[in-house]
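User: I am new to this structure and would like to understand the reasoning behind the words used for it. Could you take me through it step by step?

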Amino acid sequence: MTLLKKTVAACAVALAGLAAVPAHAALTLGSIPGGSATNEFLSTNFGGGAIGPVEGWYGAQLYLSGGPAQITVDYFGAEAGFVNSFLGFGGCSFTHNTGGNTFTGSPVAPSCIVNNVASGLLNFSFTSPLGSAINGTNPDNVADNTPNFFVTLSNISSLAGLDNVINSSTPGGGLVAWLFFDDGGAGDDDNHDDMVVRLTITGGSVGIPEPGTIALLGAALLGMGAVRRRRANK
């Protein structure tokens, strides 16, 4: 077989393997807050009651492109009765355990700066007593009592970068990712203010590729790897 035919065959095998892996949750364009709930982060920082909704993504999985990069992680507080935590990047963590509303207009704890982050799926998660929302398997916001995080993306790190124009169009990538966590408590409140974290990227960008695109890329890489191993073994 020619190298091209071998590559195509190997990619087909890789795609079959990927098909056997449980798919990520659906990626859905949406907004927060939902229903009649109030997002305390937005109302605290914008005043005059909750402004919004803010448009972004449910079920998003964040990937870094262009690394190695530096990521600045800022924690802005929480409005929750649960002990919730953000865990990421091999030691960067924040915990809300006081109850009530701790939001301010700037980070409420020292920023965590992580260097030399490689391209690919970002390694972070949120945890609560009801479970975890892990980047890579972050669920869509379709079930009560299921922790998940909402993402809105921008190239501006200030609050002005939040997309509060609801027009079914919002960035799929950028230099800044705002993460709004819902710990699954209080039923389907959908306000996603149980923790708010901002990721700012230097030396790369962050995005939410379509799952199909990720699968095809993975298949191609796996296929090429298989072909190279076969040639090396001859």
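Analyst: Gladly; this is a predicted model, and a good place to begin is D163, which is buried yet has no salt bridge.

User: What makes D163 a residue with no salt bridge?

Analyst: A salt bridge needs a side-chain nitrogen of Lys or Arg within 4 Å of a carboxyl oxygen of Asp or Glu. The nearest side chain of opposite charge to D163 is R198, and it is 16 Å away, so the criterion of 4 Å is not met.

User: Where is D163 found, and which residues is it in contact with beyond its neighbours within four places in sequence?

Analyst: D163 is found in the loop that runs between β11 (148-154) and β12 (173-174). Leaving aside those neighbours, D163 is in contact with P53, V54, E55, T152, S169, T170 and P171.

User: Which residues touch the most other members of the largest nonpolar core?

Analyst: That core has 32 residues, and L62, V73, F86, L122, F124, L179 and L199 touch the most other members. Elements giving two or more residues to this core include β4 (69-77), β11 and β14 (195-202). Apart from it lies another core, of 14 residues, with F41, F76, L159 and V196 among them.

User: How do you know that confidence varies along the chain, and which element has the lowest mean pLDDT?

Analyst: The predictor's confidence in each residue is given as pLDDT, from 0 to 100. Among the elements of the chain, helix α1 (residues 3-19) has the lowest mean, 38, whereas strand β15 (residues 205-207) has the highest, 97. Over residues 1-24 pLDDT stays under 50, and over residues 211-221 pLDDT also stays under 50.

Conventions
Residues are numbered from 1 along each chain as its sequence is written. This is a predicted model: local features need pLDDT of at least 70, side-chain atom pairs count only at pLDDT 80 or more; totals for chains, interfaces and linings use all residues. Side-chain values use heavy atoms; hydrogens and water are left out. Helices (H or I, at least four residues) and strands (E, at least two) are DSSP runs, numbered from the N terminus. Buried means under 20% relative accessible area, exposed over 50%, partly exposed in between (1.4 Å probe, protein chains only). Lys and Arg count as positive and Asp and Glu as negative; His and the chain ends are not counted. Contact means heavy atoms within 4.5 Å. A nonpolar core is a set of buried Ala, Val, Leu, Ile, Met, Phe, Trp, Tyr and Cys residues joined through side-chain atoms within 4.5 Å.
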